[in-house]
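Work through the exercises below with the sequence and the coordinates at hand. Each task is followed by a stepwise solution.

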Amino acid sequence: MEEQFILRVPPSIAERIERLLNEGNDASSSSEDKSLDLSFSEDGRSGTFVIGNEHFPASLLDLPCVVESYKTYDDNSLIKTADIGQMIMVRESGDAAPDVIEYRHGLTPPMRDARKRRFRREPDLNPELVSRVEKDLLKIMARGTADNLDILTSVLFCSHRTLENTCKFIIPL
């Protein structure tokens with residue numbers, strides 16, 4: 001698989017990039033006008049996007065879900081080329097930097113506020129309850145019994161009528 005990312009830029013920068021790509025090897029413009037560069041700082045999440053002589057702030061953001069990328073050679077069959085999970089967002093110089101590392105929305109309008117609308121919230125767990133249950137499970141796995149547990153008496157009836165052992169559990173209430 002290939003390595004790919006999504007580059008999201010403001011409309012003014014998108015027009016300049018499109019002009020650069022469409023010009024090709026035009027000898028009339030200087031090489032400084034044709035330069036594109038992207039560099040990140042040590043934290044790996046913030047950086048600078050350079051087009052020509054202008055510098056724009058950029059941020060690396062995680063997408064709320066994985067986006068699959070495909071290519072075709074014959075306009076008939078598609079071949080998956082990558083799973084894209086991150087986006088580089090270029091901003092105008094005056095815009096504020098995002099304070100989170102995960103982008104709230106997806107790439108298309110139906111994925112707006114995707115984390116909130118489409119995915120289950122993580123449950124709020126009491127750490128004391130989790131540690132108590134973990135200790136009880138370790139005791140049960142060591143062939144013991146759990147503390148503070150009401151044990152119901154159960155009767156096990158197994159019938160060996162068929163080759164498969166069919167077991168019925170009856171728990172009186």
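Two strands count as paired if DSSP finds at least two bridges between them. The model used throughout is a predicted one.

**Exercise 1. Fold outline**

Task: State how many helices and strands the chain has, and in which order they come.

Solution.
- Step 1. The chain holds three helices and seven strands.
- Step 2. Along the sequence, these elements follow the pattern β-α-β-β-β-β-α-α-β-β.
- Step 3. Of the 173 residues in the chain, 20% are buried.
- Step 4. The accessible surface is about 14,100 Å², and carbon and sulfur atoms account for 53% of that area.
- Step 5. Take the contacts between residues at least 6 apart in sequence: 47% of them join residues at least 24 apart.

**Exercise 2. Strand pairing around β4**

Task: Determine in which sense, parallel or antiparallel, β4 pairs with β3 and with β5.

Solution.
- Step 1. Strand β3 covers residues 46-51 and strand β4 covers residues 54-72; six bridges join them, and the sense is antiparallel.
- Step 2. Phe49 has Phe56 of β4 opposite it.
- Step 3. The link between β3 and β4 is a hairpin with two residues between the strands. In this turn, Gly52 has a positive phi of about 65 degrees.
- Step 4. Strand β5 (residues 78-90) also runs antiparallel to β4, with eleven bridges between them. Eleven satisfies the requirement of at least two bridges.
- Step 5. Val67 has Ile84 in β5 as its bridge partner.
- Step 6. The hairpin of β4 and β5 has five residues between the strands, and Asp75 takes a positive phi near 60 degrees there.

**Exercise 3. Salt bridges**

Task: Give the number of salt bridges, then locate the partners of Arg16, Lys80 and Asp113.

Solution.
- Step 1. The criterion is a side-chain nitrogen of Lys or Arg within 4 Å of a carboxyl oxygen of Asp or Glu. By this rule there are five salt bridges.
- Step 2. Arg16 meets Glu54 at 2.7 Å, N to O. Arg16 belongs to helix α1 (residues 11-23) and Glu54 to strand β4, so this pair ties together parts 38 residues apart in sequence.
- Step 3. Arg16 is partly exposed, with 23% relative accessibility. Glu54 is also partly exposed, at 39%.
- Step 4. Lys80 meets Glu68 at 3.3 Å, N to O. This pair links strand β5, which holds Lys80, to strand β4, which holds Glu68, across twelve residues of sequence.
- Step 5. Lys80 has a relative accessibility of 33% and is partly exposed; Glu68, at 41%, is partly exposed.
- Step 6. Glu68 and Lys80 are linked with Asp83 in a network of salt bridges.
- Step 7. Asp113 meets Arg104 at 2.8 Å, N to O. Asp113 is buried because its relative accessible area of 14% falls under the 20% limit. Arg104, at 49%, counts as partly exposed.

**Exercise 4. Two residues in one loop**

Task: Classify His105 and Ser93 as buried, partly exposed or exposed, and list what each touches.

Solution.
- Step 1. His105 is placed in the loop between β5 and α2 (114-118). Ser93 lies in the loop between β5 and α2.
- Step 2. Buried means under 20% relative accessible area and exposed means over 50%. With 16%, His105 is therefore buried; with 54%, Ser93 is therefore exposed.
- Step 3. Leaving out residues up to four places away in sequence, His105 touches Pro64, Met111, Arg112 and Asp113. The side chains of His105 and Arg112 also form a polar contact of 3.4 Å.
- Step 4. With the same exclusion of residues up to four places away, Ser93 touches His55, Phe56 and Pro57.
- Step 5. The C-alpha atoms of Ser93 and Glu54 are 9.7 Å apart, while the two residues are 39 apart in sequence.

**Exercise 5. A nonpolar patch**

Task: Which residues make the nonpolar surface patch of about 330 Å²?

Solution.
- Step 1. The patch is made by Leu129, Val133, Leu137 and Ile140.
- Step 2. Leu129 is located in helix α3, residues 127-141.
- Step 3. A patch residue needs over 30% relative accessible area. Leu129 has 41% and counts as partly exposed.

Definitions and conventions: Residues numbered from 1 in each chain as written. Predicted model: local features only at pLDDT ≥ 70, side-chain atom pairs only at ≥ 80, totals over all residues. Heavy atoms only, no water. Helix = DSSP H or I, 4+ residues; strand = E, 2+ residues; numbered from the N terminus. Buried < 20%, exposed > 50% of the residue type's maximum accessible area, 1.4 Å probe, protein only. Contact = heavy atoms within 4.5 Å. Areas by Shrake-Rupley, 256 points an atom, 1.4 Å probe, with all protein chains shown as cover. Patch = residues over 30% accessible without salt bridge, like charges linked within 9 Å, V, L, I, M, F, W, Y side chains within 5 Å. Polar contact = N/O pair within 3.5 Å; in protein donor to acceptor, adjacent residues only side chain to side chain.
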